[in-house]
Amino acid sequence: MIEVVDLHKAFGSNNVLKGANLKIEKGETLTIIGRSGVGKSVLLKHIVRLLEPDSGYIQIDGENILDFDRKQLMAYRRRFGMLFQGAALFDSMTVDENVGLSLREHTNTPEEEVKEIVSEKLRVVGMKGIENLKPAELSGGMKKRVGLARAISMNPEFILYDEPTTGLDPIMADAINDLIIRLREELNVTSIAVTHDMTSAYKISDRIAMIYEGEIIFAGTPDEVKNTDNPVVQQFIRGEAEGPIKAV
Amino acid sequence: MKTHDINRPMERILGMFGGKIIRFFAGIGKVTLLVKSLIFNLPFFIKRRHLVLEQMLFMGVNSLPLVIFTSIFTGAVSAVQAAYQFHNYVPLRYLGTAVGKAVVIELGPVLTGLVVAGRVGAAIAAELGTMKVTEQIDALETMALDPVEFLVMPRYLAGLIMLPVLTVFADVVAILGGLAVSVWFVGVSSYTFLNGFKSFFEMQDLFAGLFKAGVFGSIIAIIGCYQGFITEGGAEGVGESTTRAVVLSSVLILVSDYMIAHLLFG
Ligand SMILES: Nc1ncnc2c1ncn2[C@@H]1O[C@H](COP(=O)(O)OP(=O)(O)OP(=O)(O)O)[C@@H](O)[C@H]1O
Ligand SMILES: [Mg+2]
């Protein structure tokens, strides 16, 4: 279980997180929603300690990840796969090298097997046969899917998805939703996904959490979210410009 | 790279004396951390030899034409200037000595350093800066791979090795440039010129020059990587880091040149 406790984070005078609390249970898919710029990506980055909070902490099975030394941190990070919002593929490497990097660096898997795993992971994201292309030759949606293949290459325990369906056509977006569901069902992966896509959120999530003004103001099942009387959540999920949240 | 926030109340008090001073010392602190991590990662050069080799090729191929071109003119101008200063005071048979000493000790390493800072230092800062703003460095970190091992160590070793190599080329070409000017325009024979060069040539001068070149190569790589790592804010930020990398490493090359001269010859 991952626990985010009273997380505060400011960048200069920009107070992004102001006491965020969140629990992620083993084997669940939790989706984080909230307006652009509210701190969703910042929260995800704290979970793998790419960012460190000003105060508050994050626990994994009762251990504070801020207490980890470099070696423990590396071991901790190896339990994760992360899909970045901008895919963050390594420009200097081919698709094959990107997806196979962790396997080649962290395991003794024979080269042929690595190649097989890479093409299998590419197949599940619908990108078979592009192993030798460079990221610069891919479209935005293709990069995203290669990023996803890279995130799942090691069959991690935890996957963090930063907007997995943004930039994909609706058919591909739904295929990625199915993939996320399948990873949970078949491999019991614990997932945290950030998304603006409410259709996707309802479909993949066990629970949905909303960030607003630096805090998690609501967390519940998709049904609880739909039926809540919290006006902020209602305005957001309905996508209305009028309401407690000011659009502009 | 994880860097540590400087203490906040401290920041407010010191803020009165200007953010620049704080950033300067914070910068020194971060560079020190980077160097510490670099030293720790040096033993991985065997495992990463293909990356080191790739960077060495890149530095060499990228810089050699420009280094050669600059060196011809450096040698040529030092011959012209020396001949002018010798005029009626020093016999021209010492022309080769003056050009040789100046090139081997100072001009070869320093100008090679400055040229490489402009080309390679800028390229390092731009590449790593782009990786930083597109979250590729974060991606390495989350994949439990050390950016210092992957990115900094190969560039550092390439700088440390290739700058002296390039300097040897620069020295040879500059002396040939000086020789050409002496023969064609000053009227000193090539025998006299080379004799003047050889009879006062000292191995320790060459080593001093190459030692400097190694220091300059280290400066270029470390400053380029550091500026890349601290890049923020998209393409504009990458542009700023690139400029800062070139300016800062050029200044540090000249300052360290003086300090080394003081140590070795002072
Ligand atoms: N490294 C950083 N340095 C300074 N400010 C940052 C940094 N990262 C994020 N921020 C700021 O933190 C705030 C939250 O950013 P974040 O990327 O988490 O938004 P988000 O909720 O993911 O938005 P989106 O849905 O548009 O991706 C923004 O105001 C952003 O400017
Ligand atoms: Mg985001």
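## Cavities, a pocket and a helix crossing

About 170 Å³ of space lies in the largest cavity of this predicted model. On a 1 Å grid over the protein atoms alone, a cavity is a set of points where a 1.4 Å probe fits but cannot get out, and lining residues have an atom within 4 Å of a point. Grid points are joined across faces, edges and corners; a volume is the space filled by probe spheres set on the points.

Lining the largest cavity are 16 residues, and the closest to its centre are Phe80(A), Gly81(A), Ser102(A), Thr142(B) and Met143(B). Elements giving two or more residues are β6 (80–83), α3 and α5 (140–151) of chain A, plus α5 (136–142) of chain B. Helices (H or I, at least four residues) and strands (E, at least two) are DSSP runs, numbered from the N terminus.

The structure holds 2 cavities of 30 Å³ or more. The second largest cavity has a volume of about 50 Å³. Among its lining residues are Thr97(B), Lys101(B), Phe197(B) and Asp205(B). Helix α4 (residues 95–133) of chain B gives the most, with 4 residues.

The second largest pocket has a volume of about 860 Å³. A pocket is an open set with protein on both sides within 12 Å along at least five of seven lines. Of its 30 lining residues, the closest to the centre are Arg70(A), Met74(A), Ser37(B), Phe40(B) and Asp146(B). Helix α2(B) supplies the largest share of this lining, 5 residues.

The table sorts the linings by class. Ala, Val, Leu, Ile, Met, Phe, Trp, Tyr, Cys and Pro count as nonpolar, Asp, Glu, Lys and Arg as charged, and the others, Gly among them, as polar.

| Lining | Nonpolar | Polar | Charged |
|---|---|---|---|
| Largest cavity | 7 residues | 6 residues | 3 residues |
| Second largest cavity | 4 residues | 2 residues | 3 residues |
| Second largest pocket | 12 residues | 4 residues | 14 residues |

Helix α2 (residues 19–41) of chain B also meets helix α8 (residues 203–229) of chain B: their axes come within 11 Å and cross at roughly 115°. That makes α2(B) roughly perpendicular to α8(B) (65 to 115 degrees). Axes are lines fitted to C-alpha atoms, for helices over the stretch in contact, and angles run from 0 to 180 degrees between N-to-C directions. Contact means heavy atoms within 4.5 Å. Gly27(B) and Lys30(B) are among the contact residues of α2(B), and Tyr226(B) is one of those from α8(B).

Residues are numbered from 1 along each chain as its sequence is written, and chains are lettered from A and ligands numbered from 1 in the order in which they are written. In this predicted model local features need pLDDT of at least 70, side-chain atom pairs count only at pLDDT 80 or more, and totals for chains, interfaces and linings use all residues, while side-chain values use heavy atoms, with hydrogens and water left out.

Conventions. Parallel < 35°, antiparallel > 145°, perpendicular 65-115°, else oblique.
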